[in-house]
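Colleague: I should like to learn how burial, contacts and nonpolar cores are read from a set of coordinates. Could we work through an example together?

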Amino acid sequence: MKSNFDADLQQISATETEPASADAHIRELTAALAVDVPADFTKNVMDAIRAERRKIAFRHRMVRLGSAIAAAIVIVPMAAIVLPAMIRSEKNADIALTDNDPALYAPGDTAAGNVLYSTIRETNPATEAPAAEEVPPACPSSTPADMPEAEAPAKAESAATKAPATTVGAPDHMGKTQEDPVETPATADTFAAETKYTVNTVAESSVITVLRTIIGAEKMDAWLADQTVSEDTPRNLIHAFGIRREVFLTAAADLNLTFTQDELDTLFDTPLTEK
Amino acid sequence: MIIQSPERKAVSVEDLSLARQAAEGSDDAFAVIVERYSRLVYNVALRSVSSPEDAADISQETFLKAWRSIASFRGDCALSTWLCRIALNCCCDHARAAKRHRAVSLTVQEDEEESKVLDIPDTDVTAMPEEELTRQTEIAAVREAIDSLPEEMKTIITLRDISGLSYAEIADILRLEMGTVKSRINRARAAVKNFLIERNFFT
């Protein structure tokens with residue numbers, strides 16, 4: 001089949017000159033290779049774009065949902081652990097304040113003594129002191145120097161009755177501290193009210209306070225655990241632990257407590273009674 | 001009004017405006033872009049692959065990629081240049097993927113494959129005028145000649161002689177010097193001519 005194209009090519013091969021018509025013809029044929037796009041091409045492209053947009057929006061929603069779920073998985077357990085711990089630590093901080101009252105414990109002694117006090121506490125209404133509105137921060141001097149002796153017992157009794165009925169910072173028999181929102185510092189009167197030892201005078205409770213300071217709460221409590229508490233208990237403690245008069249007076253002075261000569265003589269010079 | 005970019009083909013204000021509207025989410029603006037440049041992109045893709053279906057897929061992928069990154073088009077080149085670059089990249093990706101997953105058709109028979117190469121229109125040839133039949137045969141021969149060229153020459157002759165882009169546009173697309181573009185086009189044309197002569201395709 002002869003064609004114009006074929007004739008051009010033969011001409012080109014025959015001579016070395018490049019006929020412009022051959023090249024032009026090839027270029028024209030080459031240009032004819034351009035084809036139109038399929039009829040629905042634009043529609044297909046736009047449909048694909050809309051599908052892509054929906055996919056992107058869905059992916060964003062999933063990412064947001066996933067982040068929310070991940071946050072919930074992490075935060076909720078953490079809150080369940082952290083919040084109760086925070087609440088507990090706040091409660092413990094409150095309890096610790098009342099345990100460190102120096103009037104009641106020797107330096108360094110805190111809750112150990114309280115545990116023993118509560119174990120020897122009797123649930124005997126007679127021994128419980130009536131509720132007091134206010135407890136003085138430190139036990140006052142047993143007898144002011146210029147006060148007549150007759151007035152001292154009356155004042156002592158009124159002071160003794162001021163001891164609060166409820167434990168202040170002292171745990172119950174199970175070792176748990178009852179909730180007492182009133183921050184009244186423990187005093188010798190408080191201690192006396194919460195033990196089996198019946199305080200007849202303010203002096204006796206002050207003696208116990210001084211002895212506790214000297215001996216240490218833990219040691220004293222351990223010793224008291226084996227004893228029957230009576231009015232001889234202070235003297236028994238003095239002799240058991242070998243406390244000298246000078247040491248006792250020094251400790252009393254540190255606690256702003258004073259004792260009469262008779263009281264001191266009773267404590268240190270009166271022979272021990274049989275238990 | 002044309003915005004002149006130094007040493008590059010200028011981007012038209014209209015194209016820039018369309019691109020910005022499309023970046024803001026206007027589907028209509030992007031549809032106009034597709035209508036305007038789909039033939040260019042499709043013919044670039046068609047020269048790279050063997051079937052019109054693959055060419056349509058590559059073209060669609062080109063416009064999808066363009067849509068995703070339309071906000072990054074700053075107008076420092078013509079929109080046609082930008083789209084052609086994306087199309088050529090998609091063709092490369094397709095070629096790489098085709099190499100990895102060589103697919104064998106289960107339905108196409110061998111004789112159908114041969115007739116596809118010449119890509120003679122599926123019409124009753126007996127009813128066709130002789131001149132038209134000759135022309136179709138010539139076109140098929142040229143197509144075969146171009147398909148036999150190395151990729152580099154195939155691309156450049158497609159952009160120049162099939163898609164009708166200027167030397168400046170081609171230089172911009174392929175990031176070549178103008179002289180290099182002209183030289184490569186001459187060599188590509190000579191290669192096509194030699195192919196036709198050697199094959200003696202036309203008897």
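Modeller: We shall take the secondary structure, then one residue, then the cores. Please bear in mind that this is a predicted model.

Colleague: How many helices and strands are there in chain A?

Modeller: Chain A contains 11 helices and 0 strands. Of its 275 residues, 28% are buried.

Colleague: What share of the contacts in chain A with a separation of 6 or more comes from residues 24 or more positions apart?

Modeller: Such pairs account for 75% of those contacts.

Colleague: Why does A:Ile215 count as buried?

Modeller: Burial is judged by counting C-beta neighbours, and 20 or more within 10 Å suffice. A:Ile215 counts as buried because it has 20 C-beta neighbours inside 10 Å. This residue belongs to helix α7 of chain A, which covers residues 202-215.

Colleague: Which residues does A:Ile215 touch, not counting those up to four places away in sequence?

Modeller: With that exclusion, A:Ile215 touches A:Met220, A:Leu237 and A:Phe241. As for A:Ile243, 28 residues apart from A:Ile215 along the chain, the two C-alpha atoms are separated by 8.5 Å.

Colleague: Which residues touch the most other members of the largest nonpolar core?

Modeller: That core has 54 residues, and those touching the most other members include B:Val41, B:Leu79 and B:Val142. Helix α2 of chain B (residues 27-48) gives the largest share, 10 residues. Because domain 1 (1-103) and domain 2 (127-203) of chain B both give residues to this core, it lies between them. Apart from this core lies another, of 16 residues, among them A:Leu211 and A:Phe248.

How values were computed: Residues numbered from 1 in each chain as written. Chains lettered and ligands numbered in written order. Predicted model: local features only at pLDDT ≥ 70, side-chain atom pairs only at ≥ 80, totals over all residues. Helix = DSSP H or I, 4+ residues; strand = E, 2+ residues; numbered from the N terminus. Buried ≥ 20, exposed ≤ 12 C-beta atoms within 10 Å, placed from the backbone. Contact = placed C-beta atoms within 7 Å. Core = buried A, V, L, I, M, F, W, Y, C linked by C-beta atoms within 7 Å. Domains from an automatic or database assignment.
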